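Please consider the sequence and the model shown here together. The paragraphs that follow lead from the chain as a whole to its domains and then to individual elements and residues.

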Amino acid sequence: MKGRYVCLHTVTMAKEKLVKAITSMEEDFAKWYTDVCIKAELIDYSSVKGCMIIRPYGYAIWENIQKSMDALFKEKGHENVYMPMFIPESLLQKEKDHVEGFAPEVAWVTHGGEEPLEERLCVRPTSETLFCDHFKNIVHSYRDLPKLYNQWCSVVRWEKTTRPFLRSREFLWQEGHTLHATREEAEAETIQQLNVYAKFAEEYLAMPVIKGVKTAKERFAGAEDTYTIEALMHDGKALQSGTSHFFGDGFARAFDITFTDKNNQPQYPFQTSWGTTTRLIGAVIMTHGDDSGLVLPPMIAPIQAVVVPIATHKEGVLEKANEVYARLNAVCRAKIDDSEQSPGWKFAEYEMKGVPLRIELGPKDIENGVCVAVRRDNGEKTVVSLDELETKIPELLKAVQDGLYNKALARREEMTYDAHNLEEMVDIAENKPGFIRAMWCGDRECEDRLKEVAGVTSRCIPLESQETLRETCVCCGKPAKNMLYWGKAY
RNA sequence: CGAGGUGUGGCGCAGUUGGUAGCGCACUAGUUUUGGGAACUAGAUGCCGCAGGUUCGAGCCCUGUCACCUCGACCA
């Protein structure tokens with residue numbers, strides 16, 4: 001299949017020493033990550049700790065994520081709404097587990113101007129309570145159900161340690177909140193949205209994920225069940241990349257939301273919520289990035305192909321390059337860089353920014369009626385006839401998208417290990433970064449103990465590929481209930 | 001919140017026993033360049049994180065404070 005995208009001939013890039021602009025992944029992965037965030041112009045630090053400025057290039061990635069994901073939500077019948085950013089303290093208090101989970105990290109507004117407020121307001125860390133308060137007012141009959149709502153907004157959680165995209169005090173996200181007449185319907189919604197997230201991660205972000213359910217320990221505050229998509233980053237750490245929660249009727253009872261069913265009986269409705277955040281950008285960076293910088297999947301790349309004219313002073317080069325750019329822009333998101341920077345500078349710059357395809361066009365190419373397309377994911381150069389621009393470039397973009405997914409999947413599989421007993425578990429955790437699959441008895445004590453002795457947390461009980469590696473728990477030796485993915489996590 | 005580290009032009013850093021604050025990159029102008037971060041020439045850029053203190057004199061010494069980074073505990 002790969003060969004289909006190659007025309008004329010293919011040149012593999014020589015292993016030249018590229019200019020070192022950022023810390024290498026191997027040297028210091030955390031530093032590599034922040035270097036990429038800054039050098040690719042995704043973010044800048046601001047004067048408030050943990051609050052980042054998302055720069056135009058970074059925000060454009062978010063806008064692409066938003067646009068695609070929003071369409072997937074709407075396909076399933078969800079509507080967008082906007083809730084206030086403030087929650088009165090009394091409202092936050094209504095669901096006990098929920099407030100206990102979030103109280104330690106909420107920011108409070110205590111004054112309006114110089115006047116102290118009667119009741120302090122928390123800046124939303126999540127909006128369950130607001131939605132519940134609203135649902136109580138608008139839902140009276142089974143005819144009012146289901147309510148399929150989603151909100152795009154920012155939330156605030158006063159984190160102690162912060163990192164761009166991965167853990168910031170204010171972050172952008174979407175939160176879906178739905179209300180259903182029956183338990184079955186709400187459960188189906190929870191799974192449906194988990195599948196939407198998995199599809200988005202794999203098809204748009206080219207990022208393979210494990211779909212699963214969280215253990216009680218890792219469950220969202222107030223949920224009956226928390227489902228998750230877990231991805232594996234380049235350094236072998238896991239990243240929770242999206243969650244879908246089933247609330248049962250717990251919140252409905254706490255907020256006294258009721259509706260009258262067909263038999264004229266009062267009932268509590270069942271509820272879900274699900275969310276993904278700008279953390280997805282961090283996930284993309286750490287899944288596909290390399291020592292030359294960011295690598296973006298074409299589906300979400302703000303610039304899919306950048307035209308770099310060579311020897312712009314030569315007669316006709318700029319004109320031809322602009323013509324190529326205009327034709328490309330009709331079939332993908334294209335850009336031309338006709339600035340005075342040297343070609344080498346531009347190559348490095350757009351590699352840093354993760355642009356999937358670079359289109360080089362110089363006097364020699366023009367003479368031959370071709371251009372040179374260079375793939376960001378593997379450096380492969382393809383000579384493309386100018387007559388075939390409109391077909392070959394989209395094909396190459398597709399090849400990059402697929403290539404990124406396959407590479408990430410292969411790496412995840414390579415970095416997934418099975419542990420059959422505690423000794424193996426500790427050994428793998430210490431020496432082999434990645435996912436660890438192991439059996440578990442279902443007890444919280446074993447989970448805590450594995451954290452203690454191996455430094456790993458349970459990531460999820462996978463929904464697919466449940467297999468029995470052994471009959472007994474990896475930790476205590478009692479009969480095992482499930483196979484779990486374990487790992488060190490962000 | 002615990003342990004450690006770092007704060008000096010926009011960025012990365014140097015700054016000796018306390019004595020006129022420097023280098024590289026980036027920036028501006030011009031010339032030559034242009035298929036892997038070009039070269040030369042000439043410029044501009046500093047509350048040495050902040051507040052006290054010691055001293056004739058502090059980037060350097062003392063006290064406090066704030067921010068950021070790394071590693072833990074907490075989290076999407």
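Helices and strands are here DSSP runs, of at least four residues for a helix and at least two for a strand, numbered from the N terminus. On that basis chain A holds 14 helices and 24 strands. The model is a predicted one.

The overall dimensions may be taken first. The C-alpha trace of chain A spans about 80 × 55 × 50 Å along its principal axes. For 490 residues, a compact globule would have a radius of gyration near 23 Å, and the 25 Å of chain A agrees with this. Of the 490 residues, 44% count as buried. When contacts between residues at least 6 apart in sequence are considered, 69% of them join residues at least 24 apart.

Chain A is divided into three parts: domain 1 comprises 2–21 + 296–412, domain 2 comprises 29–288, and domain 3 comprises 416–487. The centres of domain 1 and domain 2, taken over C-alpha atoms, are separated by 37 Å. Contact between these two domains involves 15 residues of domain 1 and 17 residues of domain 2. On the domain 1 side, helix H12 (residues 389–414) supplies the largest share, 6 residues. By class, that side of domain 1 has 11 nonpolar, 2 polar and 2 charged residues.

Helix H12 also contains Ala410. Is Ala410 buried or exposed? Ala410 counts as exposed, because it has 11 C-beta neighbours inside 10 Å, and the cut-off for exposure is 12 or fewer. The C-alpha atom of Ala410 lies 33 Å from that of Met52, a residue 358 positions away along the chain.

A second residue for inspection is Arg167, which is placed in the loop between strand S8 (147–156) and strand S9 (170–180). Arg167 is partly exposed, since 16 other C-beta atoms lie within 10 Å. Apart from its neighbours within four places in sequence, Arg167 is in contact with Glu159, Thr161 and Thr162. The C-alpha atoms of Arg167 and Cys51 are separated by 9.5 Å, although these positions lie 116 residues apart in terms of chain separation.

The next element is a hairpin formed by strands S19 and S20, with 5 residues between them. Strand S19 (residues 370–375) runs antiparallel to S20, and 5 bridges join the two. Within this pairing, Val372 stands opposite Val383 in S20. In the turn, Gly379 has a positive phi of about 75°. In a regular strand the side chains alternate between the two faces of the sheet. Strand S20 (residues 381–385) has Thr382 and Val384 on its covered face, with Lys381, Val383 and Ser385 on the uncovered one.

Finally, helix H14 (residues 444–454) may be examined for its two sides. Which residues of helix H14 are buried? They are Cys446, Glu447, Leu450 and Ala454. These residues cover an arc of only 105° around the axis, and therefore lie on the same side of H14. The buried residues of H14 pack against helix H13 (422–431) and against three strands, S22 (435–440), S23 (457–462) and S24 (482–487). The face turned away from the buried side carries the exposed residues Arg444, Glu445 and Glu452. Just after H14, Gly455 takes a positive phi of about 75°.

Terms used:
Residues numbered from 1 in each chain as written. Chains lettered and ligands numbered in written order. Predicted model: local features only at pLDDT ≥ 70, side-chain atom pairs only at ≥ 80, totals over all residues. Buried ≥ 20, exposed ≤ 12 C-beta atoms within 10 Å, placed from the backbone. Contact = placed C-beta atoms within 7 Å. Arc of directions from axis to C-beta. Rg over C-alpha atoms; globule rule 2.2 N^0.38 Å. Pairing = 2+ DSSP bridges. Domains from an automatic or database assignment. Nonpolar A, V, L, I, M, F, W, Y, C, P; charged D, E, K, R; others polar.
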